[in-house]
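Morning, everyone. I've got one structure for you today, so let me put it up on the screen.

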Amino acid sequence: MRKGKAKKRVLLPDPKFNDTLVTRFVNNIMLDGKKSTAFKIFYDAIALVEEKSGDDENGLDVFKKALNNVTPQVEVRSRRVGGATFQVPMMIRPDRKTSMGMKWMIGYARKRNEKSMSERLGFEILAAYREEGATIKKKTDVHRMAEANKAFSHFKF
């Protein structure tokens with residue numbers, strides 16, 4: 001590369017839970033730079049999760065387990081060899097795993113039919129915590145695709 005590797009920016013922890021993972025998630029929710037709105041959506045969703053989950057765990061723990069449930073372990077990448085394009089399964093870096101899980105969760109929450117975004121996000125978090133819903137289906141599809149193309153794993157980059 002011509003330039004050096006880009007420096008990682010330091011994320012400040014969120015004000016309520018004092019957790020940088022929450023700040024990262026809120027940054028993915030945010031549209032048009034409206035961070036306070038994104039924080040309100042997230043905190044309302046966590047309150048809904050605490051109310052609906054029933055068990056003794058707090059909302060942040062449910063959110064972290066849900067995010068852990070949707071993070072993929074492998075992905076397929078296209079690689080041209082000769083005239084053919086192969087889908088080569090590859091392991092994913094840890095920071096990319098979490099960002100993919102976050103983006104999937106937020107994307108499928110936006111497609112849900114509940115009234116407000118905080119309700120959509122809350123119910124998507126609950127579905128991911130129970131290992132059901134669209135985000136889990138996406139993860140299993142990605143893993144199934146990698147398993148199906150395991151024969152091409154020797155074409156690594």
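I'll go through the overall layout, then one helix, then the pockets, and finish with a few single residues.

First thing to say: this is a predicted model. The chain averages a pLDDT of 90, and 97% of the residues score at least 70. Which element has the lowest mean pLDDT, and which the highest? The lowest is strand β2, residues 84-91, with a mean of 86, while α1 has the highest at 95. As a general reminder, where pLDDT is low, the predicted coordinates should not be read in detail.

Okay, the layout. We have six helices and two strands, and going from the N terminus the order is α-α-α-β-β-α-α-α. Along the principal axes, the C-alpha atoms fill a box of roughly 55 × 40 × 25 Å. There are 157 residues in the chain, and 38% of them are buried. If you take the contacts with a separation of 6 or more, 62% of them are between residues 24 or more positions apart.

Now the helix I'd like to dwell on, α4. It covers residues 94-110, which makes 17 residues. Quick sanity check on its length: at 1.5 Å a residue, α4 should span 24 Å, and its end C-alpha atoms are 25 Å apart, so the two agree.

Which residues of α4 are buried? Here's the list: K97, S99, M100, G101, M102, W104, M105, I106 and A109. Keep in mind that an α-helix has 3.6 residues a turn, so residues three or four places apart point the same way. And what do the buried residues of α4 pack against? Four helices and a strand, as you can follow on the screen: α1 (20-29), α3 (59-70), α5 (117-129) and α6 (134-148), plus β1 (74-81).

Sticking with α3 for a second, that's where N68 sits. N68 and G101 are 33 residues apart in sequence, yet their C-alpha atoms are 8.0 Å apart in space. G101 is one of the buried residues of α4, whereas N68 counts as exposed because its relative accessibility is 55%, over the 50% cut-off.

On to the pockets. The largest one holds about 320 Å³ of space. Its lining is K7, K8, R9, L11, R24, R93, D95, R96, S99, M100 and K103. Where does the largest share of that lining come from? That would be α4 again, with five residues. By class, the lining splits into eight charged residues, two nonpolar and one polar.

The second largest pocket has a volume of about 160 Å³. Lining that second pocket are K5, A6, K7, K8, R93 and D95, and the classes there come out as five charged, one nonpolar and no polar. If you compare the linings, K7, K8, R93 and D95 turn up in both.

Last bit: backbone oddities. In general, most residues other than glycine have a negative phi. Here N18 has a positive phi, near 60°, and N18 sits in the segment before α1. E131 also has a positive phi near 60°, this time in the loop between α5 and α6. Buried or exposed, these two? N18 counts as exposed, at 59% relative accessibility, and E131 counts as exposed too, at 53%.

That's me done. Happy to rotate the view if anyone wants another look.

Note on methods:
Residues are numbered from 1 along each chain as its sequence is written. This is a predicted model: local features need pLDDT of at least 70, side-chain atom pairs count only at pLDDT 80 or more; totals for chains, interfaces and linings use all residues. Side-chain values use heavy atoms; hydrogens and water are left out. The expected span of a helix is 1.5 Å times one less than its number of residues. Buried means under 20% relative accessible area, exposed over 50%, partly exposed in between (1.4 Å probe, protein chains only). Contact means heavy atoms within 4.5 Å. On a 1 Å grid over the protein atoms alone, a cavity is a set of points where a 1.4 Å probe fits but cannot get out, and a pocket is an open set with protein on both sides within 12 Å along at least five of seven lines; lining residues have an atom within 4 Å of a point. Grid points are joined across faces, edges and corners, and a volume is the space filled by probe spheres set on the points. Ala, Val, Leu, Ile, Met, Phe, Trp, Tyr, Cys and Pro count as nonpolar, Asp, Glu, Lys and Arg as charged, and the others, Gly among them, as polar. pLDDT is the predictor's confidence in each residue, from 0 to 100.
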